[in-house]
Amino acid sequence: MIKTDILIIGAGPTGLFAVFEAGLLQLKCHLIDALPQAGGQCSEIYPKKPIYDIPGFPEVLAGDLVNNLMEQIKAFQPGFTLGERANTIEKLEDGTFLVTTNKGTKHNAPIVAIAGGLGSFEPRKPLIDKIKDYEDKGVAYFIKDPEVYRNRRVLIAGGGDSALDWSIFLADVASEVTLVHRRNEFRGALDSVEKVQSLKNIGKINLITPAEVVGLKGSGKLEAVVINKSGEQDEEIIKEIDDFIPLFGLSPKLGPIADWGLEIEKNAIKVDTFDYQTNIPGIYAIGDVNTYPGKLKLILCGFHEATLMCQSAYQRIFPDKKYVMKYTTVGGVSGFDGSKKEAPKAVVKAID
Amino acid sequence: MSDVKIKIKDRDGVVHEVDAPTDMNMNLMEIVRSYELAPEGTIGICGGMAMCASCQCYVESDHQLPEMSDDEDAMLAEAFNVKDNSRLGCQIHITEDLEGLEVELAPES
């Protein structure tokens, strides 16, 4: 069981900055995120795009903002449970919360801060008849362990980076790799596109474009797919395969959090703007996941919300302690790793 | 600068005729959101970067629309429920040329 002071659900910029503000109050944080890396949308959707409204940064790439936040919070040694989605929450007798992920990892904390953005990123599933029946029986939307595909006949669908990169990788693992895309053009890093081209030329990747998987066949498990290949005359191809991996990107869904008994409005969690607490005391919601009159979904607003949330969380954990906010310029930053950052002292020295 | 009238059929099939300002640097996705014609969190997820297709719509009138960028074209190649008249609302800037535009929102996916 992972124990911490503030359990943050969502490792986007708001969740990451909350670690810093909590650290100044000597509170420890642990973050859960469904994605395999920190940064939320900034890392997953637009790492190479610039942001112009972070105070003090005339221009910063979303990916760099995440890297800077990770550097800023490093001394506070946050824990991470990545690639897992927070599924259930339970209030224990001592008033603390127990949050369990889809993989069964348990987290215990007196404070839960939901910084979940638009929700957890789930794979976008193609609209193919009976695809649900074949999930885990030959159909998978993620590649967790490529070894699973050793010496198997794999078909990947999609036209983005992940479809290209996995086709390249699996060309050396699987017995046969087929890549199906609706267009002849692929959107990906230039060297990935070129690599797929050369693997196709030597017969290691079987490319079918412009085409679409429209049906699945097999009893009990996937045995073949039906491919519709467009051209002057549409052609139907039935291809025997062992595994079908559609890679059409991710889309965020509020998911299980919607069933936690929190007040929800417009796909967001209602909070009190005094401290961004939800209708359940001890559970806060900060950043894009919350809503209140006048709400703006901006990173800079998330930073503010995270800061006030931490003050309130401190009071909840230590109701009897007196505390006065201190400027970092005055108090410095003392990390849990023993590091100490502080403003250099002025020198008092006579000039001859 | 004036407003233009745009007809938007929502995902439940209800047609709304709305006034869209041409002087606010707005796009069609933002018009849909400002009139709350689709629930928050189901449209404009990427904020308008042509990176999620949640604002996909079908253009039903024969207006001359700005040409598709490579980003929009590639995104639509990976989206679902795509038709020949599919566009991403976030890539359609509201201008005076769009008076009388008719669109239908694509299903949520």
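The crossing of α1(A) and α3(A) is left-handed. That helix pair is a handy way into this predicted model, in which chain A carries seven helices and 25 strands. Chain A has 352 residues, and buried ones make up 38% of them. A second chain, B, is there too, with 13 of its residues in contact with 21 residues of chain A.

**Helices α1 and α3**

- Helix α1 covers residues 13-24 of chain A and helix α3 covers residues 62-73 of chain A; they pack with their axes 9 Å apart, at an angle of about 20°.
- Since an angle under 35 degrees counts as roughly parallel, α1(A) is roughly parallel to α3(A).
- On the α1(A) side, the residues that meet α3(A) are A:Pro13, A:Leu16, A:Phe17, A:Val19, A:Phe20 and A:Gly23. Their partners in α3(A) are A:Leu65, A:Val66, A:Leu69, A:Met70, A:Gln72 and A:Ile73.
- Sort the residues of this α1(A)–α3(A) contact by class and you get ten nonpolar, two polar and no charged.

**The four-stranded sheet**

- Four strands of chain A line up as β14-β13-β12-β18 in an open sheet, with parallel pairing.
- At the edges sit β14 (205-208) and β18 (243-246) of chain A, each of which pairs on one side only.
- From one strand to the next, the twist averages 20°.
- Strand β12 (residues 153-157) and strand β13 (residues 176-180) of chain A run parallel and are joined by five bridges.
- If you want a spot to look at in that pairing, A:Val154 stands opposite A:Val177 in β13(A).

**Helix α4 and what surrounds it**

- Helix α4 spans residues 161-170 of chain A, and its buried residues are A:Ser162, A:Ala163, A:Leu164, A:Trp166, A:Ser167 and A:Leu170.
- The cover over those buried residues of α4(A) includes two neighbouring strands of the sheet order, β12 and β13, along with β14 and helix α5 (190-201) of chain A.
- The axes of α4(A) and α5(A) come within 9 Å and cross at roughly 45°.
- An angle like that makes α4(A) and α5(A) oblique to each other, and their crossing is left-handed.
- From α4(A), the contact is made by A:Asp161, A:Leu164, A:Asp165, A:Ser167 and A:Ile168. From α5(A), A:Ser192, A:Val193, A:Lys195, A:Val196 and A:Leu199 take part.
- By class, the α4(A)–α5(A) contact has five nonpolar, two polar and three charged residues.
- A:Leu164 and A:Ser167 turn up twice here: they are buried, and they also belong to the contact with α5(A).

**A loop residue: A:Gly104**

- A:Gly104 is found in the loop between β8 (97-101) and β9 (106-109) of chain A.
- A:Gly104 counts as exposed, because it has 8 C-beta neighbours inside 10 Å.
- C-alpha to C-alpha, A:Gly104 and A:Thr88 are 9.8 Å apart in space, while in sequence they are 16 residues apart.

**Chain A overall, and chain B**

- The C-alpha trace of chain A spans about 85 × 65 × 40 Å along its principal axes.
- Of the contacts in chain A with a separation of 6 or more, 61% come from residues 24 or more positions apart.
- As for the interface, 21 residues of chain A are in contact with 13 residues of chain B. The side of chain B that touches chain A has nine nonpolar, two polar and two charged residues.

How values were computed: Residues are numbered from 1 along each chain as its sequence is written. Chains are lettered from A and ligands numbered from 1 in the order in which they are written. This is a predicted model: local features need pLDDT of at least 70, side-chain atom pairs count only at pLDDT 80 or more; totals for chains, interfaces and linings use all residues. Two strands pair if DSSP finds at least two bridges between them. Axes are lines fitted to C-alpha atoms, for helices over the stretch in contact, and angles run from 0 to 180 degrees between N-to-C directions. Angles under 35 degrees count as roughly parallel, over 145 as roughly antiparallel, 65 to 115 as roughly perpendicular and the rest as oblique. A crossing is left-handed if the near helix is turned anticlockwise from the far one by less than a right angle, and right-handed if clockwise. Two residues are in contact if their C-beta atoms, placed from the backbone, lie within 7 Å. Ala, Val, Leu, Ile, Met, Phe, Trp, Tyr, Cys and Pro count as nonpolar, Asp, Glu, Lys and Arg as charged, and the others, Gly among them, as polar. A residue is buried if 20 or more other C-beta atoms lie within 10 Å of its own, exposed if 12 or fewer, and partly exposed in between; C-beta atoms are placed from the backbone.
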